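Q: I have this model open and would like a close look at a single part: the strand pairing, and what surrounds it. Please take me through that part step by step, and then set it in the context of the whole chain.

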Amino acid sequence: MTQRQPLVIGPLAAAPGTRATGLVPVHLGEGIVVSLPVVVISGAQPGPRVAVTAGIHGAEYVSIAALRQVALSLDPKDVHGELVAVLTASPLAFAARAIYVNPVDGRNLNRQFPGDPAGSPTQRLARWLTDNVIAGSDVFVDMHCGDMNEALVSFTGIEDTGDAAVDARSRELADAYGLRYLLIGPSPGTTTTAAATLGIPAVLAEVGGQGRWPADDVALHAAGFRRLLHAAGLLTNAADEPEAPRFATEVLPTEAWMRSTTTGYWHPAVDVGQRVTRGTVVGEVQDAFGAVLERPEAPIDGVVIFLVSSLAMNQGDPLLALAG
Ligand SMILES: [Zn+2]
C-alpha cells in the first residue's frame, strides 16, 4: 500500500489525519495580492476530495458563517478523504462589505469562471480557484446566500451538463442538502459551471441574506452541508448525520430574473417565497417625487426566490428572481 501524500494548497500542507489552516496568498496582477483563509483536512482514512467555497460574494454572511463552523469543527479522525475549504473566497469584497462585485475591478466573481490567468484581478482570482480548488476534486460545493440587499428563500442549484452520471450525482448531493427548492442550470461563468465542465458533480447552496447571519439560517446551511459530506462519502458515521433542519426539496425547472430598466426607488409588491402568476405586477420603481417609472410584471408563474430589499434601485440591477 502506498503512503498517502499530504494535502497541499499553497503554503498549507496537511498530513493524513490532520488539519491545516492559514492564509493562502493569491497574486492577482497589478501588484495586488489577496490572502484567502483556507482550511484543509486530510482524513485519517482515504476517500473522496470535497472542495467548497463561501464568500464568492463578500457580503453573504450566512454561507461564510456556516462553512467556518463546519470546517473548523470536523475531526480529521472522522474524515474519509480530503476537504479543501475556502472560507472567504473574495476577501476584498468582504472587507469592503461590497454587494455583487469585487471592488478591486467592479466585476462579479461568479460570472468570471473558469477565469483568465492574464485577465483582470477578479478574472485571475477565478482562475486560481478553478485550478487550485475546483480542479482535482470529486465533489464541489459553492455556499451562497442572498446578498446584503437581498431576501431569499433557501434553494440549491445544479447544472444540466448532459453527462447523465455527473448530473445524477449532483442531484443526489443537492437532495442531501435538503433546502426548500432545487433550481437546475445552466448558469454561465459560475463556479458550478466551471466544475461541471471538468466533469465534477457540483452544488450551489443558498440560505438567508440581507447582511444578517441569524443562528437558524446558519444551522440550516451547516446541516445541509454536513448531510452533503455524508452523501459524498467524506463522513461515514450515520449517527452524526444531521436529520434537521431540512426540507423535502421541490424542483423548479424554469428561472427568470427581473431587472430594473430605470433608476429610482424600489417598492416591491410581493414577498420573498410568495408564489405569483404570470402578469402579476411585482412592484414599482418610482422617481424621487413618487411618479411611477415602471411597474414590472412577472414573466412566468413562479416562486419569488430572491427579492431585492433596498429602496435604492439602479437601471440594470436585479429586482427579484422567479422560479417555477
Ligand atoms: Zn452569491
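**The sheet and its surroundings**

A: Happy to. A good place to begin is the pairing of strand β5 (residues 45-54) with strand β7 (residues 139-144), which is parallel and runs over five bridges. Please keep in mind throughout that this is a predicted model. If you want a spot to centre your view, take A54, which stands opposite M143 in β7.

From there you can widen the view to the sheet as a whole. It is an open sheet of nine strands with mixed pairing, and its order is β3-β4-β6-β5-β7-β11-β9-β10-β12. The edges are held by β3 (18-27) and β12 (250-252); each of these has a single partner strand, so one side of each is left without a neighbour in the sheet. Going from one strand to the next, the twist averages 25°.

Now follow the order to the β3 edge. Here β3 and β4 run antiparallel, joined by ten bridges. One pair to look for is R19, whose bridge partner in β4 is I41. The two strands form a hairpin with five residues between them, and in the turn G29 has a positive phi of about 80°. Strand β4 (residues 33-42) is itself mostly covered, since seven of its ten residues are buried. On to the next pairing: β4 and strand β6 (residues 80-86) are antiparallel too, with five bridges between them. In this pairing V38 stands opposite V86 in β6.

What lies across the strands? Helix α6 (residues 215-232) lies across β5, β7 and β11 (202-206), and its direction is at about 175° to that of β7.

β11 also leads us to another helix, by way of one residue. S170 is found in helix α4 (residues 164-177). Leaving aside residues up to four places away in sequence, S170 touches I158, E159, P201, A202 and V203. S170 has 29 C-beta neighbours inside 10 Å, and because the cut-off for burial is 20 or more, it counts as buried.

Finally, here is the wider setting. The chain is divided into domain 1 (7-251) and domain 2 (254-323), and the C-alpha centres of the two domains lie 29 Å apart. Ten residues of domain 1 are in contact with eleven residues of domain 2. On the domain 1 side, β8 (150-152) and β10 (181-184) each supply at least two of the touching residues, and β8 gives the most, with three. That side is made up of six nonpolar residues, three polar ones and one charged one.

Across the protein chain there are six helices and 20 strands. Its radius of gyration is 20 Å, close to the 20 Å that the globule rule gives for 324 residues, so the chain is as compact as a globular protein of that length. Of its 324 residues, 50% count as buried. Among contacts with a separation of 6 or more, 69% come from residues 24 or more positions apart.

Conventions:
Residues are numbered from 1 along each chain as its sequence is written. This is a predicted model: local features need pLDDT of at least 70, side-chain atom pairs count only at pLDDT 80 or more; totals for chains, interfaces and linings use all residues. Domain bounds come from an automatic or database domain assignment. Two residues are in contact if their C-beta atoms, placed from the backbone, lie within 7 Å. Helices (H or I, at least four residues) and strands (E, at least two) are DSSP runs, numbered from the N terminus. Ala, Val, Leu, Ile, Met, Phe, Trp, Tyr, Cys and Pro count as nonpolar, Asp, Glu, Lys and Arg as charged, and the others, Gly among them, as polar. Two strands pair if DSSP finds at least two bridges between them. Axes are lines fitted to C-alpha atoms, for helices over the stretch in contact, and angles run from 0 to 180 degrees between N-to-C directions. A residue is buried if 20 or more other C-beta atoms lie within 10 Å of its own, exposed if 12 or fewer, and partly exposed in between; C-beta atoms are placed from the backbone. The radius of gyration is taken over C-alpha atoms; the globule rule is 2.2 Å times the number of residues to the power 0.38.
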